[in-house]
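These are my notes on the model, set out as numbered points for the discussion. I begin with the pocket and then turn to the strands, the confidence values and the cavity.

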Amino acid sequence: TADGLYIRRIVEEAWKEQNGEIGRKAVFHLAGDENYVYAATDCEIYRIDKKGSEIKKVYSLGDRSVDIGEVTIDDEAILQSQIKDMVISDDLKRLYVAAPQKVLESDDQGKTFHNLSSIGLPVNLVRKLFVHDKDLYAGTEKGMFGLRNGRWESDVVGLTTNFTNDI
């Protein structure tokens with residue numbers, strides 16, 4: 001939320017404010033796999049263990065994070081955030097992140113990230129990611145692109161080729 005991160009386990013009745021580094025940061029995106037929930041602030045990604053209480057920062061774009069006293073989460077705040085979107089693959093094995101001028105992939109629960117933009121994504125701004133079966137799609141300032149067979153391909157036949165805000 002704009003007030004920071006709150007956590008509630010299934011067996012608990014009330015939400016609890018999270019203390020620590022992520023506790024006072026606005027959270028813009030959430031995604032989850034079998035073991036973890038990933039929370040994206042303006043420019044950082046945290047991995048939260050579903051079974052315990054471990055919260056670990058797994059990615060950072062630098063010291064640009066927004067304190068909750070400085071933001072109200074609305075559409076404009078999300079558009080201005082550095083991390084634009086975050087999704088998990090259908091098989092729950094890969095985390096994808098739309099960051100400035102790149103799409104990142106982690107296949108080891110956030111331990112390492114690989115830049116998927118370097119394999120032919122000809123854009124500067126990815127606003128939305130979507131996974132269907134084994135294909136990854138990116139909504140960009142130049143339309144929609146799909147990652148197939150290790151290469152990005154334009155998917156704009158029949159569409160205008162301007163901003164794609166949602167998929």
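1. The largest pocket of this predicted model encloses about 320 Å³ of space. Its lining is made up of 13 residues, and the ones closest to the pocket centre are Ile7, Arg8, Arg9, Val37 and Lys50. Two strands, β1 (6-7) and β5 (44-49), each contribute at least two residues to the lining of this pocket. Sorted by class, the lining of the largest pocket contains 9 nonpolar and 4 charged residues, with no polar ones.

2. Since β5 contributes to that lining, its surroundings merit a paragraph of their own. How many of the residues of β5 are buried? The count is 6 of 6, and the strand is accordingly described as mostly covered. In a regular strand, side chains alternate between the two faces of the sheet. For β5 both faces are covered, with Glu44, Tyr46 and Ile48 buried on one side and Ile45, Arg47 and Asp49 buried on the other.

3. The pairing of β5 can be followed on to two other strands. With strand β4 (residues 36-40), β5 pairs in the antiparallel sense over 5 bridges, and a hairpin of 3 residues connects β4 to β5. Within this pair, Tyr36 lies opposite Asp49 of β5, and Asp49 is also one of the buried residues of that strand. With strand β6 (residues 55-60), β5 again pairs in the antiparallel sense, over 5 bridges; here Arg47 has Lys56 in β6 as its bridge partner.

4. A separate point concerns the open sheet of 4 strands, which has the order β7-β8-β9-β10 and antiparallel pairing. The edge positions are taken by β7 (85-88) and β10 (114-115), and because each has a single partner strand, one side of each is left without a neighbour in the sheet. Inside this order, strand β8 (residues 95-99) and strand β9 (residues 102-106) run antiparallel and are joined by 5 bridges, with Tyr96 standing opposite Glu105 in β9.

5. On the edge strand β10, I would draw attention to His114, which is found in that strand. Is His114 buried, partly exposed or exposed? Its relative accessibility is 35%, so His114 counts as partly exposed, given that buried means under 20% and exposed over 50%. Setting aside neighbours within four places in sequence, His114 is in contact with Val103, Leu104, Glu105 and Asp107. For one of these, Leu104, the separation from His114 is 10 residues in sequence and 5.4 Å in space, taken from C-alpha to C-alpha. Another of the contacts, Glu105, is the residue that stands opposite Tyr96.

6. Further along the chain, strand β13 (residues 143-148) and strand β14 (residues 151-154) run antiparallel and are joined by 4 bridges. Arg148 has Arg151 in β14 as its bridge partner. The hairpin formed by β13 and β14 has 2 residues between the strands, and within this hairpin Asn149 takes a positive phi near 50 degrees.

7. On confidence, the protein has an average pLDDT of 80, and 80% of its residues score at least 70. Which elements have the lowest and the highest mean pLDDT? Helix α1 (residues 75-80) has the lowest, with a mean of 48, whereas β7 has the highest, with a mean of 93. Over residues 65-79 the pLDDT is below 50, although in the model this stretch has 35 contacts beyond near neighbours in sequence. Where pLDDT is low, the predicted coordinates should not be read in detail.

8. As for enclosed space, the count comes to 1 cavity of 30 Å³ or more, and the largest cavity has a volume of about 30 Å³. Its lining consists of Ala99, Gln101, Lys102, Ser117, Leu121, Val123, Asn124, Leu125 and Val126. By class, these lining residues divide into 5 nonpolar, 3 polar and 1 charged.

9. Finally, some totals for the protein. The model contains 1 helix and 14 strands, and of its 167 residues 46% count as buried. Among contacts between residues at least 6 apart in sequence, 39% join residues that are at least 24 apart.

How values were computed:
Residues numbered from 1 in each chain as written. Heavy atoms only, no water. 1 Å grid on protein atoms, 1.4 Å probe; cavity = no way out; pocket = protein on both sides within 12 Å on 5 of 7 lines; lining within 4 Å. Points joined across faces, edges and corners; volume = space filled by probe spheres on them. Nonpolar A, V, L, I, M, F, W, Y, C, P; charged D, E, K, R; others polar. Pairing = 2+ DSSP bridges. pLDDT = per-residue confidence, 0-100. Contact = heavy atoms within 4.5 Å. Buried < 20%, exposed > 50% of the residue type's maximum accessible area, 1.4 Å probe, protein only.
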